[in-house]
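Subject: Structure for your review: helix packing and nonpolar core

Dear colleague,

Please find below the structure I wished to pass on to you. My notes on helix packing and the nonpolar core follow it.

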Amino acid sequence: FFQQKTAYEIYQCDWSSDVCSSDLEDLFTLSTIAAGRYVITLHPTDLGELIDETIEALHPTASSAGVTLSAPNAATLRISADDDALRRVLRNLAQNAIRYAGQGGAVTIEASLVGATVRVSVQDSGPGFPVAFVDKAFDSFSMVDPARRRESGGAGLGLAIARGLVEGHGGTIEAFPGPGGRVEFRLPIVTDTEMVPASAGP
């Protein structure tokens, strides 16, 4: 399930650093998802509010990277979801987009209703995913440019975690080839509160 070389690199980290602590937390979360032990608890959630929270939380990161982060249509949108899990999905996708947008770039988060689903799109003005990389974008430890691992932090687990949490909601997630980075996920509009074990996929 995990690539041994990259896992070893994480093991060699200076665990006093915030970056390595974050990598360890991500590794634990992904392991929990893969084992089917991460439980998604659905309840009424304001998606627009979660998007606004994400923008506010990541504003310092985006600003220091010279990236504009915005949500042009983050209006109130009531859905059934696990707040913590969905918050993490949004944060992971936005952080990844900020890394690749580049100095002077832009990242936008948009949400809309499409039939019986809600669609959330996170886009950046960077080069985007190469066509050959799209199918493995959500694999554990997968990165378009491995050299960025040391430059910007992260172990390439963010998108894998996002996939597990989205699929745990009964949704789907997809990456699109460039130019411009774009990841889009869809969640079913659920009315009944229920418990669903998340899955990391095959």
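In what follows, an axis is a line fitted to C-alpha atoms, taken for a helix over the stretch in contact, and the angle between two axes runs from 0 to 180 degrees between N-to-C directions. Please note that this is a predicted model.

By way of overview, the chain has six helices and nine strands. Of its 202 residues, 46% are buried. Among contacts between residues at least 6 apart in sequence, 74% join residues at least 24 apart.

Two helix pairs, both involving H4, deserve your attention. Two packed helices are described by the angle between their axes and the distance between the axes.

The first pair is H3 with H4. Helix H3 spans residues 47-64, and its axis comes within 10 Å of that of H4, with a crossing angle of roughly 40 degrees. H3 is therefore oblique to H4. The crossing of H3 past H4 is right-handed. On the H3 side, the contact is formed by Leu47, Leu50, Ile51, Glu53, Thr54, Ala57, Leu58, Thr61 and Ala62; on the H4 side, by Asp83, Leu86, Arg87, Leu90, Arg91, Ala94, Gln95 and Ile98. Sorted by class, these residues are ten nonpolar, three polar and four charged.

The second pair is H4 with H6. The axes of H4 (residues 83-101) and H6 (residues 158-168) come within 9 Å and cross at roughly 150 degrees. The two helices are therefore roughly antiparallel to each other. Here H4 passes H6 in a left-handed crossing. From H4, the residues in contact are Ala85, Arg88, Val89, Asn92, Leu93 and Asn96, and they meet Gly158, Leu159, Ile161, Ala162, Leu165 and Val166 of H6. This contact comprises eight nonpolar residues, three polar ones and one charged.

As to the interior, in soluble globular proteins nonpolar side chains tend to be buried together. The largest nonpolar core in this model has 49 residues, and the members that touch the most others are Leu47, Leu86, Leu93 and Phe185. H4 supplies the largest share of this core, with nine residues.

Which residues does Leu93 touch, not counting those up to four places away in sequence? They are Val122, Leu159, Ala162, Ile173, Val183 and Phe185. Two of these, Leu159 and Ala162, belong to the H6 side of the contact with H4.

With kind regards

How values were computed: Residues are numbered from 1 along each chain as its sequence is written. This is a predicted model: local features need pLDDT of at least 70, side-chain atom pairs count only at pLDDT 80 or more; totals for chains, interfaces and linings use all residues. Side-chain values use heavy atoms; hydrogens and water are left out. Helices (H or I, at least four residues) and strands (E, at least two) are DSSP runs, numbered from the N terminus. Angles under 35 degrees count as roughly parallel, over 145 as roughly antiparallel, 65 to 115 as roughly perpendicular and the rest as oblique. A crossing is left-handed if the near helix is turned anticlockwise from the far one by less than a right angle, and right-handed if clockwise. Contact means heavy atoms within 4.5 Å. Ala, Val, Leu, Ile, Met, Phe, Trp, Tyr, Cys and Pro count as nonpolar, Asp, Glu, Lys and Arg as charged, and the others, Gly among them, as polar. A nonpolar core is a set of buried Ala, Val, Leu, Ile, Met, Phe, Trp, Tyr and Cys residues joined through side-chain atoms within 4.5 Å. Buried means under 20% relative accessible area, exposed over 50%, partly exposed in between (1.4 Å probe, protein chains only).
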